[in-house]
Amino acid sequence: MKWFNTLSHNRWLEQETDRIFDFGKNAAVPTGFGWLGNTGQVKTDMGTHLWITARMLHVYAVAAAMGRPGAYALVEHGINALNGALRDKEYGGWYACVNDEGVIDASKQGYQHFFVLLGAASAVTTGHPQARQLLDDAIEVIEKYFWSEQEQMCLESWDETFSKTEDYRGGNANMHAVEAFLIVYDVTHDRKWLDRALRVASVIIHDVARKGEYRVNEHFDTDWNPIRDYNKDNPAHRFRAYGGTPGHWIEWGRLMLHLRAALEARFETPPEWLLEDAKGLFHATIRDAWAPDGADGIVYTVDWDGKPIVRERVRWPIVEAMGTAYALYTVTGDPQYEAWYQTWWEYCIKYLMDYENGSWWQELDTNNEVTTKVWDGKQDIYHLLHCLVIPRLPLAPGLAPAVAAGLLDCNAK
């Protein structure tokens with residue numbers, strides 16, 4: 001049974017994409033985009049987070065390129081927020097969190113700044129007159145503070161004044177740097193962004209994860225030595241969980257295939273390990289995290305032997321799994337990846353998709369009942385594009401540039 005690149009399946013994806021876009025527009029608040037609750041209302045007590053606002057700018061840049069009325073206004077809203085309440089006009093960069101009264105968290109987080117880079121690059125594809133300047137500003141901050149020429153990797157965070165950086169290097173921030181670098185390359189055609197993406201992937205995946213059965217280590221010291229017991233006392237941390245986070249393993253797989261496709265589009269021969277390691281990450285995720293306790297779903301974290309730690313089924317890992325299944329099928333034509341894609345969609349429609357309250361549930365327990373151990377609410381809709389839009393695109397250029405180039409559904413029969 002074939003789903004990929006068929007008109008009928010793509011029409012279904014299109015319908016679900018519009019439902020998600022409609023849910024997400026409720027997030028707009030004066031300071032940016034807020035944290036959405038389970039019924040689509042903004043959780044005002046959470047403040048306005050930079051990562052959510054930047055991701056929603058990216059999302060609605062894609063929606064605008066898809067010709068969705070109202071999306072361009074949300075792009076403008078996102079740009080205004082990043083030039084307004086969230087921007088540190090004294091020390092540079094962007095605040096981590098604000099609210100209507102002012103700054104809640106003034107720290108400068110790499111994870112969040114890489115989403116600013118992504119959102120700005122995606123916004124450029126809409127033609128908004130302020131988007132390119134926002135991207136240039138974001139590039140300047142990344143170059144000055146977050147890309148380490150000495151390490152040829154990304155730094156994690158700074159204090160408000162950019163005077164002290166953290167003695168920690170994070171795989172999560174570096175992974176999202178790779179995601180942003182690929183889109184910046186598509187927009188600027190500056191080869192250094194591909195070189196940087198390849199360097200980061202080579203260190204975290206090919207040098208470290210490959211040697212550990214593709215259980216990706218995300219916590220490092222300043223010399224890039226893995227810290228295997230990091231956050232052992234706080235294993236369900238939202239951004240720095242202890243052990244391995246399989247959702248990131250499989251997300252890395254897709255990003256590496258985008259990088260591979262970008263190099264091929266330049267008529268270059270990509271390193272063979274990009275595909276080999278993408279396969280390894282995909283199958284390691286299934287091996288360790290898919291239904292390890294008998295119930296369907298991808299568990300949030302596992303230890304270094306592959307045993308589940310946080311057994312909750314968070315939404316984004318399976319969303320990323322579907323995007324990577326499509327990417328691997330596109331490269332290899334192997335039907336096993338389409339079979340997994342279909343299996344995971346069946347799971348999502350049974351347990352995660354919320355047609356009563358909107359969008360998808362963010363977290364399920366070991367019985368696939370809604371819970372809030374790790375996440376409360378439905379935050380944003382960024383990850384959902386990776387199973388709703390990416391399976392209708394080529395692997396290069398990246399998401400927003402490909403949609404803006406008119407490549408959506410270009411392979412459908």
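**Exercise 1. A three-stranded sheet**

Through how many residues does a hairpin join β4 to β5? Working on this predicted model, place the hairpin within its sheet and describe the pairing of the strands.

*Solution.* Step one is the connection itself: the hairpin that joins β4 to β5 passes through two residues. Step two is the pairing across that hairpin, where β4 and β5 run antiparallel over three bridges, and N99 stands opposite G102 in β5. Step three turns to the other neighbour of β4, since β3 and strand β4 (residues 97-99) also pair in the antiparallel sense, over two bridges, with T48 standing opposite V98 in β4. Step four assembles the pieces: the result is an open sheet of three strands in the order β3-β4-β5, with antiparallel pairing. Because β3 (48-49) and β5 (102-105) stand at the edges with a single partner strand each, one side of each is left without a neighbour in the sheet.

**Exercise 2. The enclosed spaces**

Determine how many cavities of 30 Å³ or more the model contains, and describe the lining of each by its central residues, its helices and its residue classes.

*Solution.* The count comes to two cavities of 30 Å³ or more. The largest cavity has a volume of about 200 Å³, and of the 20 residues that line it, R55, Y111, W316, W375 and H383 are the closest to its centre. In terms of secondary structure, at least two residues of this lining come from each of α2 (50-65), α6 (171-188), α8 (246-265) and α10 (315-332). Sorted by class, the lining of the largest cavity holds seven nonpolar, seven polar and six charged residues.

The second largest cavity, at about 170 Å³, is treated in the same manner. Its lining consists of 17 residues, and those nearest its centre are I183, R254, H258, G398 and L399. Helices α6 and α8 each supply at least two residues of the lining of this second largest cavity, while the class count for the second largest cavity is 10 nonpolar, four polar and three charged.

**Exercise 3. Record annotations and the largest cavity**

Which residues carry the UniProt features "active site" and "binding site", and where do these residues stand with respect to the largest cavity?

*Solution.* Begin with the shorter list: the unreviewed UniProt entry places "active site" at H248 and H383. These two residues are spread over 136 residues of sequence, yet they cluster in space, with a largest C-alpha distance of 11.8 Å. Both H248 and H383 are included in the lining of the largest cavity. H248 belongs to helix α8, and its relative accessibility of 6% lies under the 20% cut-off, so H248 counts as buried.

Continue with the longer list, in which the unreviewed UniProt entry gives R55, Y111, N172, H176, R238, E251, Q362, Q379 and H383 as "binding site". The lining of the largest cavity takes in R55, Y111, N172, H176, R238, E251, Q362, Q379 and H383 from this set. Among them, R238 lies in the loop between β11 (219-220) and α8, and with a relative accessible area of 31% R238 is partly exposed.

**Exercise 4. The largest pocket**

Characterise the largest pocket by its volume and by the make-up of its lining.

*Solution.* The largest pocket offers about 320 Å³ of space. Its lining comprises 20 residues, with W51, Q109, Y111, Q112 and F239 nearest its centre, and the elements that contribute two or more residues to this lining are α4 (110-124) and α6. By class, the lining of the largest pocket divides into nine nonpolar, seven polar and four charged residues.

**Exercise 5. A helix span and a loop residue**

Test whether the length of helix α11 agrees with the expected rise per residue, then decide whether N367 is buried or exposed.

*Solution.* Helix α11 (residues 335-352) has 18 residues, which at 1.5 Å a residue should span 26 Å, and the end C-alpha atoms are 25 Å apart, so the two values agree. The buried residues of α11 are Y337, E338, Y341, Q342, W344, W345, Y347, C348 and L352.

N367, for its part, sits in the loop between β13 (363-364) and α12 (385-388). Its relative accessibility is 58%, over the 50% cut-off, so N367 counts as exposed. N367 and R238 are 129 residues apart along the chain, and their C-alpha atoms are separated by 21 Å.

Definitions and conventions
Residues numbered from 1 in each chain as written. Predicted model: local features only at pLDDT ≥ 70, side-chain atom pairs only at ≥ 80, totals over all residues. Heavy atoms only, no water. 1 Å grid on protein atoms, 1.4 Å probe; cavity = no way out; pocket = protein on both sides within 12 Å on 5 of 7 lines; lining within 4 Å. Points joined across faces, edges and corners; volume = space filled by probe spheres on them. Helix = DSSP H or I, 4+ residues; strand = E, 2+ residues; numbered from the N terminus. Nonpolar A, V, L, I, M, F, W, Y, C, P; charged D, E, K, R; others polar. Pairing = 2+ DSSP bridges. Buried < 20%, exposed > 50% of the residue type's maximum accessible area, 1.4 Å probe, protein only. Expected span 1.5 Å × (residues − 1). UniProt positions renumbered as here; feature names shortened; annotations may be inferred.
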